Structure formats: structure tokens, C-alpha cells
Number of protein chains: 2
Amino acid sequence: MKACGLVVEYNPFHNGHVLHARKSREESGADIVVAVMSGPFLQRGEPALVSKWTRAAMALQGGIDLVLELPYAFATQKAEIFARGSISLLEYLGCDSFCFGSEDGRIEPFITAHKVMSDRSVPFDAAVKLAMDAGNSYPASAAKAYQTIVKDEGALDLTKPNNILGKEYVSAALTNGFSIRPYTIRRVAAGYHDTDLSNDSIASATGIRKAIQEEGGKGLDSVSNYVPRPTRTGLEHYLSSYRALHDWEMYWPLLKYRILSSSLSELAEVYEIEEGIEHRIKQMAQTAATFSQFMTGLKTKRYTWTRLQRMCVHILTHTSKEDMAHTHLPTYFRLLGMNGKGREYLHNVKKDLPLPLISKLSAYQKQDIEMDVRAAQVYALGLSGPSQAALMKREYEAPLILT
Amino acid sequence: MKACGLVVEYNPFHNGHVLHARKSREESGADIVVAVMSGPFLQRGEPALVSKWTRAAMALQGGIDLVLELPYAFATQKAEIFARGSISLLEYLGCDSFCFGSEDGRIEPFITAHKVMSDRSVPFDAAVKLAMDAGNSYPASAAKAYQTIVKDEGALDLTKPNNILGKEYVSAALTNGFSIRPYTIRRVAAGYHDTDLSNDSIASATGIRKAIQEEGGKGLDSVSNYVPRPTRTGLEHYLSSYRALHDWEMYWPLLKYRILSSSLSELAEVYEIEEGIEHRIKQMAQTAATFSQFMTGLKTKRYTWTRLQRMCVHILTHTSKEDMAHTHLPTYFRLLGMNGKGREYLHNVKKDLPLPLISKLSAYQKQDIEMDVRAAQVYALGLSGPSQAALMKREYEAPLILT
């Protein structure tokens, strides 16, 4: 059995994701499609709209055969670490290939980009530093530097968010000498950050979330055209079971409390807090009434919104530099759900897996999963009353199984 | 000008406190009465019903001339440390005397108790240890031990809460060789912990709080007989300005978040967390839906309810053993309010004060007040929206002045 791996967030799972799964299967000739999915907190430093369990269920009903959780140590991270964690998991799981959506759509420019940046790292790094010293963020600087060095019309455009991620996926595979083969397909219509719902049936997850959240969960009607039926019913069911969709504002009281009750030196121990930004964080938290006010006050040209949001997630989950110091590569598989084919695949590869496979949290007592447990608990604390208790309990149960 | 000092919490200020102030003035022959009052969190490990500013205003309208804040380092503490902090502040402020309410009502038994316990500390400590090893709490063990050693009908009854506190006040003065003279008056009618409103006009603060809280702030009518008019209007005004009276349940989401997002070793660093109780705390927090459920789960014979609540306050305010290691005696006066006579007194003693007098927080930048600022901020975080912002801002303004 051949497996093709996808690196996903499914926040929420939409028609573009259905297409991605189908095309990935076709392109790679795989028998099954495996998704490595972020858990409660996402790469861009946000809580997921609904729990990983609900998102995994949507995926299993939309063409994915097996869903694993990308551990917190890799999920809420810059592209390089996010890619390293997810591509490693797919390689270790025995996947034959992985396939990502990109603005470019051809795999060669990604391989070229990886080679140029590693073979000519000295001039590249110098060009990046120059751009950063001029006050640009890292992603913007890397894109500028690459353009300067390559001077090729067909070179990868690193100002595009999916190209950036894709380049890191490819680098993760090539740097580590993995046997997994990279594929890419061109993303249809909607850009990663597009916030309008315009195209007939494909919209970005950002646009879909915006439509849903703007009307306080009543916007589900407006997104029906852009998501498969199980996503629509999954979101509805989540709302009726848990009484809310998650967003940053619901964690603001906890984040504000954590910031105000921590000393500056404690804040400086948090992962990704650098260059004295803890002073600014503390100052802004004192007067901000909402997360949105807080972030607007915090934003400077030096830091991307995403990077600041990731800092906030790490403060909220109380994740220190020390916690992250020992997480170069994943040390376990956390199974969120599978269908019959996924189960058959796992059965075949089980004896060769280089890492433990966790299907029930209560049966796994090792220290390395503590960050994931903490993130899941903090995520549940955004809810209140019985919803909170139910979601907290869910963490300790068996994975979803569709047969 | 002669000043008599009172050690108080005023949660809330009631008719018994009016009587205490008047009798203290008479007994001691003082010109003014000074109160050292706990701030946001109280000796028994609870948030105060209303802010220290509102409580200070009630006191100033009820016969107190000057109100100082007992720093957090001494306020949420066992009797010995609570007494050391408060009596020291009164001594340093130049008070001629202090006067406390007690079940006993005579000062000699307190002095005797202090002498017996210090002169015969070896047998006394052995008797305490014996009782504790039998599974009793410290206060119960100390009372038993004292009875065993003294065998005197008229000896101080150390099972009574105000006698326990009083003994510590007297000890604080005598141990440190202070010149301040101790007085005591017998408490009228209501016991410290009595929860019924029965006597005509005097009820315990516990009973008054219970009546107020049981009806969600609508119980103000039922307590009118037991509190001076300014307390009634002060509570009403607080409710209309800040939309809530403070209780532990409003801090439960923050406390639960802090407990679940802290490691066991971090919990063990919190002040007063000893003997591995962090395991039990973490376990109970996981499933408890309310603070009351949590405490009921946590309670054992080994720990008094009060001691457990104090642990919770220190977890909530993120106060470590290290934070508390350097706080043997107060290092500043924090002025909450005064009337014309209080101001005159301060003017007279100002040049001789051995500690800085803080009347505006923003003008005092030293590290030693950090615990108080954190406690005030965390206290405000129990409120939400504009109420929270207003209370947080209040902390930085000038003290109350009645002229």
C-alpha cells in the first residue's frame, strides 16, 4: 500500500481541501492519503475554530484516510520548524510521497530554491541580514534575498505564503535525506490570505472563518457553497454541543492574567520572546480591553502579526525556551482518526514504525507529550461549564474511527 | 497626638467595627485611631468583597482617621506573620497603643500566653508536634498543647479565633521589644465565624457576607441593621459601578488555568505549597467545575480550609517561596485614606517615619511593592470590561481624603 502525506490545518476543512486530497492521490498514485494536522493551536498563532477531533472527523468524511496530530512543538512555529516536524512524521510513517498546494504549482522551482539556499548560504544569509537590518520581517527579507541572488524569471516567488511553506517542506525532506518524494499542485482560485468569498466553490479558510465569525456562528449559511456538507454539520454540531467557536478573544482574559501576573524575567523565558519585547507586551496588556486592541498596540514593522500571535500562544500555553530546547524531531505519533483503509495501512506498517503510536492518551505516560496535553487543556479552558469539561475529557479518549 | 492602632479587614465594615473603634479610642485615651487593613486578599485566603478603596472609605466614615494597607506579604498569612506585619507597621507609625477585639477581653492572659510559649518553648513545641502527628491542624494542636502545659482555669482559650490572633499581636509587640502598648476589648455578641444574623445590631462579617452573597448582592436589605449607612451605600455603589461583589468563584477560571498550565515543580515553588500537596491540587483542578467543588475535593483533616485557601491565593497571584523569602518586616507604608485628623497626625510624625510613605503608587518605583501591585491587578481581573479597567486604574491614583 502506498501512502501520500498532506500537511494540513483544516480550519475548517473546505472544498479546496477535498480537491487537494483528490489531486494528491492522483498525482502520487497513492492508495491512501494521510494528513498530519495541527492540534488546538495553529501555525499562524491562533486557536483553531473547532477542536482537532471535529476537524479530523470532517477530514475523514472528505477523502482523508488517516489523521495524525502535529505535536505542539512543531505546530505553532515558523515555517521551517513546522515543516521539519510534519514531513518527518510522514517519512517515519512510511509515506511514499507528500503533496502540497502552492501558488507556483511546479515542483522543480522548490528543489532549485532549496539547493540555491543551501549551496550559496553565505551570500543568501548576508542578503537576508541586509534586508532585516532595513527593518523588514524575516519572510519579506528572505523573499528579497532570493530574488537578488537568483535573477531568474521562473524562480520561485517567495513572497507567496504557500510557496514559502512548500519550500520548507521540500527542504525538510532533502536536508534530512528522507526517501519521501515531494509533489505540488497549483492552488485553485483563492489565495491563502484572501478574505472574500468570491469564487464559485473554492474559498480560502481565512475567508470562510471570517464569514463564520463575523456573524457569531450564524454565518454558516453563507459558507455552505464552499465547504462539504460534513463540515457544515460538524460546525453546527460543535456550536450546539460546545456553545462556541474558538477565537483569540475567548482566551484574552487568561492571556491578560498570565501576562500581568508574570514578571518581565518570566516572560523573557517564554519561547520566541526575544529582544526585550516582554516590556512592550506587559505595557500593552495593562490597558488593552480586548485581544484585538492588544495586538494592534503591539504590532511594529519589525514583527509580523503571525510571529506576535505565536508569542501569545506560547505565553498562553506557558511554553518556555527550555521546554522547546529538546524537540528537534517528533518522538511519537498521535492518532486522531482513521477509516478502514487507514486502519489497514497502519496494520501493515505498525511493526516497522520507529516511534510509538499513541491512540489513547491515558495509555501513554511519557514526559514528551506534556506540551500537547497542556495545549489541549488550555484550549478547552476557552469554553466554560459542561462544554469545557466535555472537551477536556475528550482528550483522554480513543481516536475517531470511521469504518 | 496619641494614636491607637487597629488591625482590620473590614470585609465589610459593620456596627461591631464602629464599636471597636470607639472603645479602642476610649480605652487607650488616643486622639486618633489608625487602621492597618488587608488589601485585596484577606487573612483567611479570600478575595475581599469590595476593593480596599471602598473598604477604606467605609472605615473613614465610621470613625477611623487613617487607613494603611497591610502589604500582601503579611496579609494573606498565618496569624503569626499577619500579626508581625501589622503590629510592626503600627509601631513604626508611632502609635502609642493597639487594641484588638477578643473572646477573652482581658489583656493579661495574652501576655501570660506569650510568656509561657516563649519561656517554655521546648515542652510546648513537643506537645504541639504530638498533636499534629495525631493528624490535627496547627491551630488545633497549639490550643491543645497550651491547655496541657498551663492547666489554669483562667488561661487563654486558644481554640477561639480572635484569641489566637490577639496572642500573636501581643507576641509581635513583646518579641520585637516594641514600645506600643496592647489593649483588648471583649467582642460583643457575634463569634468570628458565626454565620447567622441574630443579635440586634451586631453580626460577624462572615454572617453579613453570607447574607449579601446568598442573594447575589440583593441581600443588602437584610444586612442594613448590622452595618452603618455608609457601608450599605458603599456596597450599593460598588455593585452599580463595578457590576459585581468579589468572591472566589469569579477567580476560578483564572486559578484553574494557572494550575493546569503549571508543572508540578512550578506549583511546588509557590509559597505555602508543601508536602507534595501540588499533586492533589493538580488532580482536583482537572475535574472541578467550581472553586467550591475544588476546595471540597482538596480538603483533608491535615489542612485547615483557611490554609488551603491561602495556598490558592498564592497560586492565583503567582507568589513564590522566593518572593516571600525577603519579607521579614514591612518596608513601606501604603496610605489608602485619611480624614483631617489623620492628615494632621501624619504631618506631625512624617519626619520621623523609618519607612517611606507611599501615597501615590506611580511615584514609588521600588521592587518591594511588586507583590502588592500584582495582587491588585489580579484582583481587578476578577471583573470584566470597563469595571476591570476602572479598578486597575484606581490603583495608581492618590489615596482617599475626607476633610
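## One face of α20

In this predicted model, the buried residues (under 20% relative accessible area, 1.4 Å probe, protein chains only) of helix α20, residues 385–394 of chain A, are S387(A), Q388(A), L391(A), M392(A) and R394(A). Around the axis they span an arc of only 155°, so they sit on the same side of α20(A); the arc is taken over the directions from the helix axis to the C-beta atoms. P386(A) and K393(A), both exposed (over 50%), are on the face turned away from that buried side. Helices here are DSSP runs (H or I, at least four residues), strands are E runs of at least two, and both are numbered from the N terminus.

What do the buried residues of α20(A) pack against? In chain A, they meet α2 (52–60), α11 (229–242), α19 (370–380) and β8 (400–401); from chain B, α12 (248–261) and α14 (277–287) join in.

## Q77 in its loop

Q77(A) lies in the loop between α3 (72–75) and α4 (79–92) of chain A. With a relative accessible area of 2%, Q77(A) is buried. Leaving out residues up to four places away in sequence, Q77(A) is in contact (heavy atoms within 4.5 Å) with Q43(A), F82(A), Y271(A), R310(A) and M324(A).

## How the chains relate

Chain A lands on chain B after a rotation of 180° with 0.0 Å of shift along the axis, RMSD 0.0 Å, using least squares on C-alpha atoms of residues with pLDDT of at least 70 in both. That is a two-fold axis relation. L254(A) has the C-alpha of chain A nearest the axis, at 3.2 Å. Both copies use the same surface: 100% of the contact residues of chain A recur in chain B.

## Conventions

Residues are numbered from 1 along each chain as its sequence is written, with chains lettered from A and ligands numbered from 1 in written order. Local features need pLDDT of at least 70, side-chain atom pairs count only at pLDDT 80 or more, totals for chains, interfaces and linings use all residues, and side-chain values use heavy atoms, leaving out hydrogens and water.
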